[in-house]
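Let's take a walk through this structure together, one region at a time. Have the viewer open and follow along.

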Amino acid sequence: MTLTDLKVAAAGGGDKPAMTDAELVARYDGRVPRYTSYPTAPHFSPAVDAAVYAEWLKALPADAVLSLYLHVPFCDRLCHYCGCNTAVVRLDSSRRAYAALIEREIGRVAALIGRRAAVSHVHWGGGTPTALPGDRLVAIMALIREKFALSAEAEIAIELDPTSLPPDRHRALGEMGVTRASLGVQDLEPAVQEAIGRRQSYEETEACAQKARALGVGSLNLDLIYGLPLQTEQSVARTARRALGLNAGRVAVFGYAHVPWMKKHQQLIDESTLPGPAARFRQQQAIHRVLTEEGGYIPVGLDHYARPGDAMAEAAATRKLRRSFQGYTDDAAPALIGFGASAIGSLAQGYVQNAPTALAYSKAIEAGGLASVRGVALTADDRLRRELIERLMCDLEVDLIGLADAHRADPAPLVAALAGLAPFQADGLADWDGRRLAVSEKGRPFVRSVAALFDVYLKPDDAKPRHARAV
C-alpha cells in the first residue's frame, strides 16, 4: 500500500453520524500496553542477565548523564486496588536489611561505571519509599552523592503515602534534599476508600503537603484514579475539585486496572461495584474538565496535567517531553539506572530488570553480583519504533517519514502498519496526511491504541490479559 493509497482509503467512506462516547469506547478500549518502554516488559527475557548488564555499564560514555531510580517494595498496608510490586513488611530489621542491599548494589554499579558519573535526576518509588527508616534514607542519598556527581539542579523526587510519614521520615526529606514529592490521593470519597482498603482524609493529605513544603520541597505531584469501585462521574469530579486546593504543580490521572489473576489481593474488590467501560470514560472526562477548565492545568500526553510554567508543561510545549517507567518526565538523561527489587534500567543497548521479589533480589546481591535477571537488547527496528511510539505518546503526533529518514530506515513497514488507522481517522481520532500522523484532542484518551498499531510484539490477549484497558 503506497502513501497515496493509504491516504485515500482513510479518507473514504463519506459522511456518517458521529459516534457516541459509548460507541467509541466499545470500539477502541482494547487492552494495550502503557508504553513506558518499547519493547514492553512482558517481552524481556533471561538472555539479558547480570553479565550483559555489567558490560553495558562499563560501556557507558564518559559524558553520559544518568537518571537513577530506587525501588522500595514495602508498604505499611496493601490497598486492594494496588498493582505495584510491593508487600506489607513491618519489621524494622527487614527494612534495614533491604536498605543495606541497596547500598551494596549502588557500590557495585558505580564500580563498574568506573567514575563519578553525572546524575540529573533521582526518583524514589515503590511501594512506599518512606517505609525505610529515616536514617537509612539519608544514608543512601549520601552514598549516591559520594558515588555519583549530582548536578546542582538535580531533581530528587519521592513518592509519599500521606497516611504514613513518621517524624524521622519527615525529617529525612529535608536531609535528603528532596525537591519533588508525589502524593497518592487516588480518591477522597469515604465509601470508595472503604471499598479499596485505603482510608485517607483530605486533611491528612493537606497536612502532608504542608509538611513537605515546609522542608523545602518545592514541587508536588498528585495521583488520582478513576474506575475504582463505587466511583461515579460526580464523585470523581468532587475529588478532583478538592484536589485543586492542594495546589500541586502536576497531577497524574490513571485508570484502575483490575487484574485479580495477576494481583490476588484485588480479589477483595467486589467486581459488581466496578464501573463499566463507558462509565470509566465519563469519569476520566469529568476529571479532565475539572483540572483543565476549573484548575487551569495543561493536559500533557495521555494522562498527566501540569500548571502553566511547570517544567513538564514547558517540555511538552517544546516537544522535549519523555516517557519512562515513571510515566511522563522532563528528564532528558539518556540512561536510567535502576536499584532495588524489580527496578528497570534503560541504557543505549536496551533494557534490564532486577529480580522481581525482595527475596530473589536479596539472594542475588548476597551472592556478590548484580541483581539483573532479564531484559532485552534493542534492534535497529526496535529503536525506530520506540522513538515513534514515544513521540506519539508525548506529542500526539509524529513525522513518520522524517523519523524513518533519521534512522536511515525504510518507512514502508511503518506505512503498512497504518492500514489499521482508517477507523480512527473516520471517527476523528487521528489523521494521516501522507507524512505526519497526528492524534486529535478527541483521540487523546485512545493514543495508546494508535501507538499499538506499530507494536510488532503485541499479540491478541489470552483469557488472562496482561495489559490494562486503553481508558
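Helices and strands here are DSSP runs, numbered from the N terminus, with at least four residues in state H or I for a helix and at least two in state E for a strand. Please keep in mind that this is a predicted model.

With that numbering, start at the loop between strand 4 (118–126) and helix 5 (134–147), where you will find Gly127. The peptide bond that leads from Gly126 into Gly127 is cis, and its omega is near 15°. Another cis bond joins Tyr38 to Pro39, with omega near -5°. Pro39 sits in the loop between helix 2 (21–28) and helix 3 (50–58). These bonds deserve a look because most peptide bonds are trans.

Gly126 and Gly127 also take us to Val72, since both are among the residues in contact with Val72 beyond its neighbours within four places in sequence. That list also includes Tyr98, Trp124, Thr128 and Leu132. Val72 belongs to strand 1. Is Val72 buried or exposed? Its relative accessibility is 1%, and because buried means under 20%, Val72 counts as buried. The C-alpha atom of Val72 is 8.6 Å from that of Ala99, a residue 27 places away along the chain.

Strand 1 (residues 65–72) has a partner in strand 13: the two pair in the parallel sense over five bridges. One place to see this is Leu66, whose bridge partner in strand 13 is Ala335. How many of the residues of strand 13 (335–339) are buried? The count is five of five, so the strand is mostly covered, with buried meaning under 20% relative accessible area. In a regular strand the side chains alternate between the two faces of the sheet. Strand 13 can be read in that way: Ala335, Ile337 and Phe339 point to one side, Leu336 and Gly338 point to the other, and all are buried.

Now move on to an open sheet of three strands, arranged in the order 17-19-18 with antiparallel pairing. Its edges are strand 17 (397–399) and strand 18 (430–432), each of which pairs on one side only. On average, neighbouring strands in this sheet are turned by 5° against each other, direction ignored. Strand 18 pairs with strand 19 (residues 436–439) over three bridges, and there Trp432 stands opposite Leu437. Helix 13 (residues 380–395) packs on this sheet and touches strand 17 and strand 19; the direction of the helix makes about 140° with that of strand 17.

Between helix 13 and strand 17 lies the loop that holds Leu396. Leu396 has a positive phi, near 65°. Leu230, in the loop between strand 7 (219–226) and helix 9 (233–243), likewise has a positive phi, of about 70°. Most residues other than glycine have a negative phi. As for their surroundings, Leu396 is buried, at 8% relative accessible area, whereas Leu230 is partly exposed, at 43%.

Finish at the second largest pocket, with a volume of about 380 Å³. Its lining has 26 residues, and those nearest its centre are Gly255, Tyr256, Arg280, Arg469 and Val471. Strand 8 (250–255) and helix 10 (277–294) each contribute at least two residues to this lining. What is the lining made of by class? It has 14 nonpolar, five polar and seven charged residues.

Notes: Residues numbered from 1 in each chain as written. Predicted model: local features only at pLDDT ≥ 70, side-chain atom pairs only at ≥ 80, totals over all residues. Heavy atoms only, no water. 1 Å grid on protein atoms, 1.4 Å probe; cavity = no way out; pocket = protein on both sides within 12 Å on 5 of 7 lines; lining within 4 Å. Points joined across faces, edges and corners; volume = space filled by probe spheres on them. Nonpolar A, V, L, I, M, F, W, Y, C, P; charged D, E, K, R; others polar. Buried < 20%, exposed > 50% of the residue type's maximum accessible area, 1.4 Å probe, protein only. Pairing = 2+ DSSP bridges. Axes fitted to C-alpha atoms, helices over the stretch in contact; angles between N-to-C directions. Contact = heavy atoms within 4.5 Å.
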